[in-house]
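Biologist: I would like to learn how to read a protein model step by step. Could we look at one together, beginning with its contacts and going on to its helices?

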Amino acid sequence: MNTCSEVIKHIQALWQYGLRSFKLKYNSNYLDPIWTILLEDIVFKYPESAYKDNLHYKRYYKKATSFSGKNYQLYIGNLLSACARKGLKFKRVLRELQGSVIWDDIAQHYEKKSTTENQLIDRLRESYQERILMGYSI
């Protein structure tokens with residue numbers, strides 16, 4: 001975006017998206033009148049803008065095919081922290097983790113990121129020791 005008119009188009013589209021997506025209601029049947037005024041009467045203009053292509057924003061939801069591995073990372077981190085609080089030995093923690101139904105998925109996920117299973121276990125050991133040293137085990 002190089003000009004004010006290009007920015008204004010986006011501001012107008014964001015304004016419309018926000019007001020259509022999140023409504024101020026008194027109850028499930030009654031929309032606050034100010035919301036209609038805000039939605040229909042407020043227009044952001046710049047004198048030079050022609051608005052040839054009106055922008056419309058729409059929220060796109062993640063598809064099941066797009067996977068970042070964040071859930072696995074959270075699972076591992078929470079498990080390590082909980083086990084550190086219990087004062088378990090790392091060997092037992094690793095057995096529990098490898099015995100879980102998703103261990104193969106976790107290992108495959110990290111292999112796609114060019115991390116071998118041995119490297120993953122070394123990282124887990126380091127992370128577990130950090131949690132103990134930082135006081136998560138207290």
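Modeller: Let us begin with a term we shall need: a contact means that heavy atoms lie within 4.5 Å. Please keep in mind throughout that this is a predicted model.

Biologist: With that term in hand, what share of the contacts between residues at least 6 apart in sequence join residues at least 24 apart?

Modeller: In the protein chain, 64% of the contacts between residues at least 6 apart in sequence join residues that are at least 24 apart.

Biologist: Which elements does the protein chain contain, how many of each are there, and how much of the chain is buried?

Modeller: There are 6 helices and 0 strands, and along the sequence they give the pattern α-α-α-α-α-α. Of the 138 residues in the protein chain, 25% are buried.

Biologist: How should I describe two helices that pack together?

Modeller: The general idea is that two packed helices are described by the angle between their axes and the distance between the axes. In this model, the axes of α1, which covers residues 4-21, and α2, which covers residues 33-41, come within 9 Å and cross at roughly 155°. An angle over 145 degrees counts as roughly antiparallel, and α1 and α2 are therefore roughly antiparallel to each other. The crossing in which α1 passes α2 is left-handed.

Biologist: Which residues make the contact between α1 and α2?

Modeller: From α1 come Trp15, Gln16, Leu19 and Arg20, while α2 contributes Trp35, Leu38 and Leu39. Sorted by class, the contact of α1 with α2 has 5 nonpolar, 1 polar and 1 charged residues.

Biologist: Phe22 lies in the loop between α1 and α2; is Phe22 buried or exposed?

Modeller: Residues over 50% relative accessible area count as exposed, so Phe22, at 55% relative accessibility, counts as exposed. Its C-alpha atom is separated by 9.8 Å from that of Trp35, and these two residues are 13 apart along the chain.

Biologist: Where is the largest nonpolar core, and which residues have the most contacts inside it?

Modeller: The largest nonpolar core has 18 residues, and those with the most contacts inside it are Ile76, Trp103, Ile106, Leu124 and Tyr128. The elements that give two or more residues to this core are α3 (70-86), α4 (90-98), α5 (103-112) and α6 (117-133), and the largest share, 5 residues, comes from α3.

Biologist: What does Trp103 touch, if residues up to four places away in sequence are not counted?

Modeller: Leaving out those neighbours in sequence, Trp103 touches Leu97, Gln98, Glu117, Leu120 and Leu124.

Definitions and conventions
Residues are numbered from 1 along each chain as its sequence is written. This is a predicted model: local features need pLDDT of at least 70, side-chain atom pairs count only at pLDDT 80 or more; totals for chains, interfaces and linings use all residues. Side-chain values use heavy atoms; hydrogens and water are left out. Axes are lines fitted to C-alpha atoms, for helices over the stretch in contact, and angles run from 0 to 180 degrees between N-to-C directions. Helices (H or I, at least four residues) and strands (E, at least two) are DSSP runs, numbered from the N terminus. Angles under 35 degrees count as roughly parallel, over 145 as roughly antiparallel, 65 to 115 as roughly perpendicular and the rest as oblique. A crossing is left-handed if the near helix is turned anticlockwise from the far one by less than a right angle, and right-handed if clockwise. Ala, Val, Leu, Ile, Met, Phe, Trp, Tyr, Cys and Pro count as nonpolar, Asp, Glu, Lys and Arg as charged, and the others, Gly among them, as polar. Buried means under 20% relative accessible area, exposed over 50%, partly exposed in between (1.4 Å probe, protein chains only). A nonpolar core is a set of buried Ala, Val, Leu, Ile, Met, Phe, Trp, Tyr and Cys residues joined through side-chain atoms within 4.5 Å.
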